[in-house]
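Visitor: Could you take me closely through one part of this structure, namely its salt bridges? I would like to follow which partners pair and where they sit.

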Amino acid sequence: MKLVYSRQRLAALHSLLLPPATTFVRLALLLVSFASSLSADNVNIPLYATSFEEENFLEQSTTWKSTGTTTVTADFAHTGERSLHLLGDADNSVTFSLAGKQQHAKGLSFVAERWTARAPFEFRVDVQQQGAWRELAKLDRVVRVGKRFLTKIHLVVDGNVPTTAIRFRVVAAPKSGLLIDDFQLYRNPPADPTPIPVEVFPEIPLPLLASETLFKSGTDGVHTYRIPAIITASNGDLIAACDARRKSSADLVHQRTIDIVYRRSTDNGATWSPITVMDPVENGGCSDPSLLLDAVTQDVFCFYNFLPLDPTNREYRFLVQKSSDHGKSWGPPRDITDQVRAPELQHAFIFVTSGRGIQTRSGTLIHNFVHVGHGATLIISNDHGATWKGGGMVTPADESKVVELADGTLMVNSRTTPGSRQVHRSGDQGRTWKSVADVTLPDPQCNACILQYTAKRDGFDKDRLIFCNAASNSGRKNLAVRMSYDGGHHWTEGRVIDPGPAAYSEITPLKDGSFGVLYEPGYGEIRFVRFTLEQLTDGKDTLNQPYIPPTVNKNSQQ
């Protein structure tokens with residue numbers, strides 16, 4: 001590597017002629033300065049960089065060539081005033097030819113923006129080495145939809161083999177496409193390479209103890225039952241709730257004739273009570289139920305969203321009903337919207353996530369609501385649901401599930417874009433978060449469920465985290481369950497509950513330690529299935545003691 005000595009560095013060398021007492025100190029400082037600057041050079045100075053600012057960039061460039069409808073646009077940019085635009089058509093690519101030291105680059109980066117979630121969409125980055133093209137990265141499930149160039153890409157290139165060209169290939173829906181800006185080549189590989197979604201999905205069927213349809217669309221005057229929620233009460237009873245969408249399958253924003261209905265089981269799901277309407281609301285519609293158990297008071301809370309009958313009024317309100325008898329009866333709805341929502345969000349597209357909330361070991365109740373396109377905000381109660389407040393926001397996030405891991409870390413597992421789940425972790429009770437896309441959990445952009453099943457500090461031999469979702473990157477199908485023994489850093493290959501159509505799901509541990517999952521096998525019904533830990537792990541894992549729910553430390557409640 002060529003070293004360039006500035007005047008300051010030469011002056012520093014000259015100063016080495018000072019008496020020996022100071023010479024070694026100055027020499028040490030100089031060496032530290034050199035090492036620091038060389039490290040910074042290696043990491044921060046690119047071999048090549050462009051943000052496509054020249055007005056006729058592609059026409060004038062001798063190294064960038066395009067096919068199809070590829071242009072440099074002045075309508076959008078991440079930095080500067082222009083960006084590369086690959087419009088959707090049949091043969092759309094742009095190739096960058098490398099020369100000299102560029103051919104030994106070991107890393108590249110750029111920012112990208114996808115215009116629409118409509119199919120088709122394919123995005124590949126290829127490299128040309130030894131006269132042949134090979135795929136470097138398949139980024140279909142990585143680049144996010146939305147303005148502001150939401151996706152930063154860092155890719156590793158094999159610098160031991162000369163790379164003579166880099167190619168972007170895009171297939172997109174008509175009048176859409178992909179924007180790319182701030183392209184850079186580096187001599188070193190990136191420290192944080194972009195994770196690429198897996199294309200291997202769970203396939204092995206999961207044996208089941210039971211399977212039963214609890215809510216059948218087209219019956220009892222209900223067009224469609226949707227959005228499952230299930231929880232185990234303190235006495236072991238099961239409460240299963242969902243939307244009864246009376247006139248169509250549409251969401252609440254499109255129809256206001258939706259009720260929250262539920263059924264109960266006192267025998268681990270062997271038999272169920274008749275379908276009963278929970279909400280007494282008559283002046284609007286309610287949707288997206290979620291259940292939360294306070295193990296201290298033994299109360300069960302049901303959250304849901306409300307919109308009035310007036311179709312021009314789209315101000316979502318958050319209602320909560322409470323049961324103090326394990327779901328047999330429910331108190332009147334309480335509107336907690338103004339306690340948890342900032343005033344500027346009054347007319348924003350926000351809603352409480354369906355499924356479930358949690359109680360931490362300290363006794364705090366935690367749930368979340370979504371601000372579509374912006375993130376998920378925690379809602380918290382430190383007085384057993386008497387009052388609620390808004391907590392911090394995590395982003396990127398859509399419908400999200402909160403879980404307290406065995407070590408006390410808070411995790412938010414979020415629906416975002418197809419190809420992965422976004423995982424947010426906080427070791428300081430939600431004050432700060434670290435986020436990463438978990439590409440080992442394929443997902444078609446659908447609500448999912450997660451829970452801490454056992455913890456060593458409760459006397460069990462293992463920490464067990466369980467996750468259930470539609471394990472597919474291309475459509476809501478293949479409902480699968482996975483287990484993690486290290487707080488979600490690694491997951492088992494999983495077992496498949498239903499290989500067919502599958503959308504929203506929720507999971508609960510039953511009083512005998514088995515699992516119950518309530519899910520949508522398509523949108524024609526909501527089904528309850530039951531299985532054991534032994535079935536999930538092919539007999540390789542069993543509990544070392546009878547199942548007990550996670551302990552709440554009553555002494556640490558706020």
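Guide: What follows is a walk through the salt bridges of this model, which is predicted. The count comes to 29 salt bridges, and among them is the pair formed by the side chains of Arg124 and Glu135, at 3.2 Å from N to O. Because Arg124 belongs to strand 7 (residues 121–129) and Glu135 to strand 8 (residues 132–138), this pair ties together parts that are 11 residues apart in sequence. Arg124 is buried, its relative accessible area being 13%, whereas Glu135 is partly exposed at 42% relative accessibility.

Another of the salt bridges brings together the side chains of Asp237 and Arg264, at 2.5 Å from N to O. This pair links distant parts of the chain, 27 residues apart, with Asp237 in the loop between strand 13 (224–232) and strand 14 (238–245) and Arg264 in strand 15 (residues 258–265). Asp237 is buried at 6% relative accessibility, and Arg264 is buried as well, with a relative accessible area of 12%.

The side chains of Lys462 and Asp541 also meet in a salt bridge, at 3.4 Å from N to O. Lys462 is found in the loop between strand 31 (449–454) and strand 32 (464–470), and Asp541 in the segment after helix 5 (533–536), so the pair ties together parts that are 79 residues apart in sequence. Here Lys462 is partly exposed, with a relative accessible area of 28%, while Asp541 counts as buried at 3% relative accessibility. Finally, Glu315, Arg317, Asp335, Asp338 and Arg341 are joined into one network by salt bridges that share partners.

Key: Residues numbered from 1 in each chain as written. Predicted model: local features only at pLDDT ≥ 70, side-chain atom pairs only at ≥ 80, totals over all residues. Heavy atoms only, no water. Salt bridge = Lys/Arg side-chain N within 4 Å of Asp/Glu carboxyl O. Helix = DSSP H or I, 4+ residues; strand = E, 2+ residues; numbered from the N terminus. Buried < 20%, exposed > 50% of the residue type's maximum accessible area, 1.4 Å probe, protein only.
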